[in-house]
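Colleague: I am new to this structure and would like a close look at a single part of it. Please take one helical region and go through it step by step, with some of the surroundings for orientation.

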Amino acid sequence: MTSPIQSSDRDNEEDLPSDLLSAAEALIHAAKYESLTVIQQLLASGAPAWYQDPDLGWSCLHYAAERRDPELLRALLKGGAVWNAVDLWGQTAGEVCISLGDQECWEVIRNEGVRSEMLHHILKDAGQENGTGLTLRERDDTSAGNNDEFLKSELRWELGEDGKERVLDADGNGVMMGWEEPLMQEHVRLMTVHHPDAQIGGEGMSILNIGYGLGIVIDNQIDRLFQDPPTGPAPRHHTIIEAHPQVLAHMREQGVYQWPNVRVLEGRWQDWLLDLEKLGETLAGTPSGMGFGAVFMDTFAEGYEELKKFFDVLPDILDGEDARFSFWNGLGATNATIYSVSCNVAELHMEDVGLSVEWHDIFIPESQREEVWRGVKRKYWDLPGYRLPIAQMASPSQ
Ligand SMILES: C[S@@+](CC[C@H](N)C(=O)[O-])C[C@H]1O[C@@H](n2cnc3c(N)ncnc32)[C@H](O)[C@@H]1O
């Protein structure tokens, strides 16, 4: 599970200078009732478009979204309104548009989100932004927000109120839950069914999975699903990269190391794939020496930056155009607009490295979404639909 592009949740400084506070309040008022011209004048005179009122946590963008006028939204975004500012209920202005069924205005906000995220990455790559930009993740040293902390943390296994097993980290955050089972099945199905090696009579695929998880729902743990694919033979090669010592111990107990054609690489994927010598070792162990026919990525407590680094490695480890890549798509999944922006940004970054992506929309019933969260600290899923990505190296003609 990767951490999302975070919502931007600026503190409304109580000690805001009184002239700035008056300008902010005037802009909020204008976003509710006044014309585009008045709004533009206020912005031009320096009214802070990032301000959120203390009652609802609404920004001028939330109020303008209620008026269903795309021009107002464009003007406010241009004047510094924050596309992903969330109110006291965690909703962005995009959700206001969704609640009104206003596709046009929603797209204005979504497109600004994609634009500003892409810009942020370009500036970051050029060393011009040091990680304090608007859309960056807030500092988070809990085990769910920091991979090093997570890998050092103690995990515990328990039975949820829905009767399904789940694993929590030391801070009580969900790592992998039983309700993800059908999604894991779908990931495996979509990554394998079209591959020539996975057909009846085929040689069996070469698989790479990053993050074993906890094998809690044994039959639906992704590596077990890969071992028994829906169509053809078992894999002829299967590498699992896993970094958490307790998970590795669990894998030993479960006999995963002895599964046919399985190779467990202990450590972080970054160690095995980002270092050139280690990458050579990883590839040399595959049947063709050229990599994998299916690559799946599902770690924990890693940000989008890490996923993006992983995208960059994919052209080196996907074996040909039949090979498919997928990842657990929890990016920004607590909020519909942020989820959409995250998917778009991921798609553009995958395109940058030559991958073309298909999204498969999968419905998650309400019953599964609500029940499981009782007693679990950090919600990482709150949407009706899951967007399952399947990416392949695009052929040169595409
Ligand atoms: C959410 S679980 C994976 C669940 C799995 N897809 C399944 O079907 O059960 C995430 C796994 O990634 C592992 N992990 C986290 N960070 C990692 C890293 N940097 N490199 C390798 N594994 C990592 C965790 O220890 C955990 O076992």
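Modeller: Of the 398 residues in the protein, 43% are buried. The model is a predicted one. Its secondary structure comes to 15 helices and 10 strands. Among contacts in the protein with a separation of 6 or more, 72% are between residues 24 or more positions apart.

The part to look at is the stretch of residues 56-88. An unreviewed UniProt entry lists these residues as "repeat: ANK". In the model, the span is 48% helix and 0% strand, and the C-alpha atoms at its two ends lie 6 Å apart.

Start with Leu 61, which belongs to helix H3, residues 60-66. Is Leu 61 buried or exposed? Leu 61 is buried, because 27 other C-beta atoms lie within 10 Å, and the cut-off for a buried residue is 20 or more. Leaving aside residues up to four places away in sequence, Leu 61 touches Leu 73, Leu 76, Ala 81, Ala 85 and Ala 93. By contrast with these contacts, a distance can also be given to Gly 46, which is 15 residues away from Leu 61 along the chain. The C-alpha atoms of Leu 61 and Gly 46 are separated by 16 Å.

Leu 76, one of the residues that Leu 61 touches, leads to the next helix to consider. Leu 76 is in H4 and takes part in the meeting of H4 with H2. Two packed helices are described by the angle between their axes and the distance between the axes. For helix H2 (residues 36-44) and helix H4 (residues 70-78), the angle is about 5° and the axes are 10 Å apart. H2 is therefore roughly parallel to H4, since angles under 35 degrees count as roughly parallel. On the H2 side, the residues in this contact are Leu 36, Ile 39, Gln 40 and Leu 43. They meet Glu 71, Leu 72, Ala 75 and Leu 76 in H4. By class, the contact has six nonpolar residues, one polar and one charged.

For orientation, the ligand has its own surroundings in the model. The shell around the ligand holds 23 residues, and the closest are Gly 211, Gly 213, Ile 222, His 244 and Thr 299. Strand E3 (174-177), strand E5 (237-242) and helix H11 (269-273) each supply at least two residues of this shell. By class, the shell divides into 12 nonpolar, seven polar and four charged residues.

Key: Residues numbered from 1 in each chain as written. Predicted model: local features only at pLDDT ≥ 70, side-chain atom pairs only at ≥ 80, totals over all residues. Axes fitted to C-alpha atoms, helices over the stretch in contact; angles between N-to-C directions. Helix = DSSP H or I, 4+ residues; strand = E, 2+ residues; numbered from the N terminus. Parallel < 35°, antiparallel > 145°, perpendicular 65-115°, else oblique. Contact = placed C-beta atoms within 7 Å. Nonpolar A, V, L, I, M, F, W, Y, C, P; charged D, E, K, R; others polar. Near = placed C-beta within 6 Å. Buried ≥ 20, exposed ≤ 12 C-beta atoms within 10 Å, placed from the backbone. UniProt positions renumbered as here; feature names shortened; annotations may be inferred.
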